[in-house]
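Trainee: Before I use any of these labels at the bench, could we go through how each one is earned?

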Amino acid sequence: MRRWNGRSLSSGELAEVYGFTDIDGSRPNFMKYYREVIQPGKPADAERYR
C-alpha cells in the first residue's frame, strides 16, 4: 500500500489501523506507552496501553 511506503511501523500502529488484537483481545502499543509514559518519566500503568 502506498501510504506505508518507506515507513517503519510497529505492530501497535498496524493493529490500530487494521483492528488486529492479541489472543486476549488487547491491543498493546509499546511505542505509544514509551512516548507517553517512559520518556517523560511517569509512573508505569501498562493497563492503559492494552
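Mentor: We will take the labels in turn and set each value against its rule. This is a predicted model, in which local features need pLDDT of at least 70, side-chain atom pairs count only at pLDDT 80 or more, and totals for chains, interfaces and linings use all residues. Residues are numbered from 1 along each chain as its sequence is written, and side-chain values use heavy atoms, with hydrogens and water left out.

Trainee: Why is Ser26 called buried?

Mentor: Its relative accessible area is 10%, and buried means under 20%, exposed over 50% and partly exposed in between, with a 1.4 Å probe and protein chains only. Ser26 is therefore buried.

Trainee: What makes Tyr18 partly exposed?

Mentor: Tyr18 has a relative accessible area of 41%, which lies between those two limits, so Tyr18 is partly exposed.

Trainee: How many aromatic pairs are there?

Mentor: The count comes to two, where rings of Phe, Tyr and Trp (its six-membered ring) pair if their centres lie within 6.5 Å, and planes under 30 degrees apart count as stacked, over 60 as edge-to-face and the rest as tilted.

Trainee: Why is the pair of Tyr18 and Phe20 called stacked?

Mentor: The ring centres of Tyr18 and Phe20 are 5.9 Å apart and the planes are at 25 degrees, so the pair is stacked.

Trainee: And why is the pair of Phe30 and Tyr34 called tilted?

Mentor: For Phe30 and Tyr34 the centres are also 5.9 Å apart, but the planes are at 35 degrees, so this pair is tilted.
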